[in-house]
Amino acid sequence: VVEAAAPHGLAPLNGSAPGVGVVSYTLGGGLGILARQFGYAADHVRSLDVVTGDGTLRHVTADSDPELFQGLLGGGATLGVVTELEIGLVPVARLYGGAIAFDGRTTDPAALLRGYEQWTRNLPEELTSSLCALLYPDIPQLPPLLRGRYLISVRVAFTGTRAEGERLVAPLRALAPAVSDTLREMPYTESHTIHSDPDFPHAYYGDSVLLSGLDVDAAGELLALTGPDADSMHVVQINHLGGALARPAKNAVPHRGAGWLVRVLSPLDGTDVATVRELHARAFGRVAGQRLGRSLNFAFGGADRPEGLYDAKTRKRLAGLKVAYDPANLFRRSYGVGAS
Ligand SMILES: Cc1cc2nc3c(=O)[nH]c(=O)nc-3n(C[C@H](O)[C@H](O)[C@H](O)COP(=O)(O)OP(=O)(O)OC[C@H]3O[C@@H](n4cnc5c(N)ncnc54)[C@H](O)[C@@H]3O)c2cc1C
């Protein structure tokens with residue numbers, strides 16, 4: 001969609017990795033790289049064609065069937081198979097963005113996190129960012145810049161001018177000497193390079209918490225638990241939310257008041273799930289004080305645990321839709337809104 005929209009000076013509200021399926025990403029909400037400016041991808045859907053669990057093909061819009069329309073968007077893949085989505089695009093052809101990486105061994109990760117959180121306090125909605133802490137394995141397949149290093153990166157996407165972008169990121173650049181800095185003006189078609197997510201399938205367990213605010217001391221403890229001293233590898237991503245994400249929309253994407261999303265991803269190469277879950281419980285426990293819930297799109301392997309995915313009102317609405325449109329519970333990955 002990114003490639004098809006670009007010649008028209010338009011962009012979809014895609015996430016960090018181009019390989020992720022459009023439909024499932026959007027049904028789970030869809031937290032994109034321009035999220036603070038434009039909200040969730042689900043907020044921009046105009047219609048869905050869906051074969052619901054009762055075997056009926058339906059063309060669903062906000063007018064034709066408001067309840068089903070709203071429940072499908074944010075409700076995840078629980079009610080049927082979506083065969084077509086009509087989505088609104090945004091007039092974005094270029095941006096100023098990239099990532100700036102610091103060495104988490106020579107600069108205190110907690111201090112970098114504190115600096116990052118302070119930096120986010122006065123940002124315009126046109127700037128969306130996240131922090132990532134990642135210990136790269138010491139393997140010859142990696143370039144020397146990454147090999148064995150513990151990097152704390154801040155990823156930025158800003159739709160304003162390059163000059164304004166340079167001005168806004170200056171305090172970030174002043175936090176510590178950078179290991180690498182890819183911030184630049186780029187066409188939107190290069191926006192996947194901001195995160196440079198792996199483009200191959202890989203096995204890991206992941207979970208997330210949506211927080212009303214970020215207690216940087218508590219989040220610093222989470223970083224310490226999951227950093228280079230941990231028994232296995234973990235990737236931590238901390239997304240700055242707010243802006244358009246906090247505005248109400250007629251769909252089932254929950255926890256809109258969240259100011260932050262904290263994610264921990266743990267590869268399962270040689271580590272058993274029980275050990276990873278135990279570490280996650282301790283790490284997420286550190287930031288539980290401001291917890292609103294969990295994010296459906298980032299409950300990798302954890303969607304069997306519906307706790308926190310929806311607030312009570314949304315869960316009730318979704319359970320009603322489940323009974324009406326998938327009475328036999330054909331779609332059983334139902335995040336606690338149907339019988340499992
Ligand atoms: C590298 C990577 C980066 C990511 N970045 C982001 C991000 O920036 N923002 C974000 O919000 N999320 C992100 N995600 C999460 C992603 O949105 C979810 O994992 C999403 O569910 C992936 O969808 P998929 O179709 O690729 O996966 P699948 O595992 O194939 O599908 C997920 C679920 O959706 C169902 N499904 C798939 N297609 C349909 C359909 N047409 N109709 C009904 N149900 C369907 C499947 O049956 C399955 O239950 C990322 C994931 C990865 C792996």
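Which residue has a polar backbone atom 2.9 Å from an oxygen atom of the ligand?

## Contacts with the ligand

The residue is G21, and the contact runs from one of its polar backbone atoms to a ligand oxygen, over 2.9 Å. The model described here is predicted.

Two further backbone contacts involve nitrogen atoms of the ligand. In L31, a backbone N or O atom lies 2.8 Å from a ligand nitrogen. In V82, a polar backbone atom is 2.9 Å from a nitrogen atom of the ligand. When the ligand is taken alone, 960 Å² of it is exposed, and the protein buries 67% of that area.

## The shell around the ligand

The ligand is surrounded by 20 residues. S16, S24, L31, V82 and N297 are the closest of these. L31 and V82 thus appear both here and among the backbone contacts, L31 at 2.8 Å and V82 at 2.9 Å.

Two elements give two or more residues each to this shell: the helix α2 (22-27) and the strand β3 (80-87). Sorted by class, the shell has eleven nonpolar residues, seven polar ones and two charged ones. Both domains take part: domain 1 (2-91 + 309-325) and domain 2 (94-298) each provide at least three residues of the shell.

## The largest cavity

The structure has one cavity of 30 Å³ or more. The volume of the largest cavity is about 150 Å³. Its lining consists of 18 residues, and G28, Y40, V253, S295 and L296 are the closest to its centre.

By class, eleven residues of this lining are nonpolar, six are polar and one is charged. Where does the largest cavity lie with respect to domain 1 and domain 2? Residues of domain 1 (2-91 + 309-325) and of domain 2 (94-298) both belong to the lining, so the cavity lies between the two domains.

## The second largest pocket

A separate topic is the second largest pocket, which holds about 180 Å³ of space. Its lining is made up of 14 residues. Nearest the centre of this pocket are D207, H280, A281, F284 and R305.

Which element gives the largest share of this lining? That element is α8, with five residues. The strand β9 (204-211) and the helix α8 (273-286) each supply at least two lining residues. By class, the lining of the second largest pocket has six charged residues, five nonpolar ones and three polar ones. For the largest cavity, the lining has one charged residue, and the shell around the ligand has two.

Technical notes
Residues numbered from 1 in each chain as written. Predicted model: local features only at pLDDT ≥ 70, side-chain atom pairs only at ≥ 80, totals over all residues. Heavy atoms only, no water. Near = heavy atom within 4 Å. Polar contact = N/O pair within 3.5 Å; in protein donor to acceptor, adjacent residues only side chain to side chain. Areas by Shrake-Rupley, 256 points an atom, 1.4 Å probe, with all protein chains shown as cover. Helix = DSSP H or I, 4+ residues; strand = E, 2+ residues; numbered from the N terminus. Nonpolar A, V, L, I, M, F, W, Y, C, P; charged D, E, K, R; others polar. Domains from an automatic or database assignment. 1 Å grid on protein atoms, 1.4 Å probe; cavity = no way out; pocket = protein on both sides within 12 Å on 5 of 7 lines; lining within 4 Å. Points joined across faces, edges and corners; volume = space filled by probe spheres on them.
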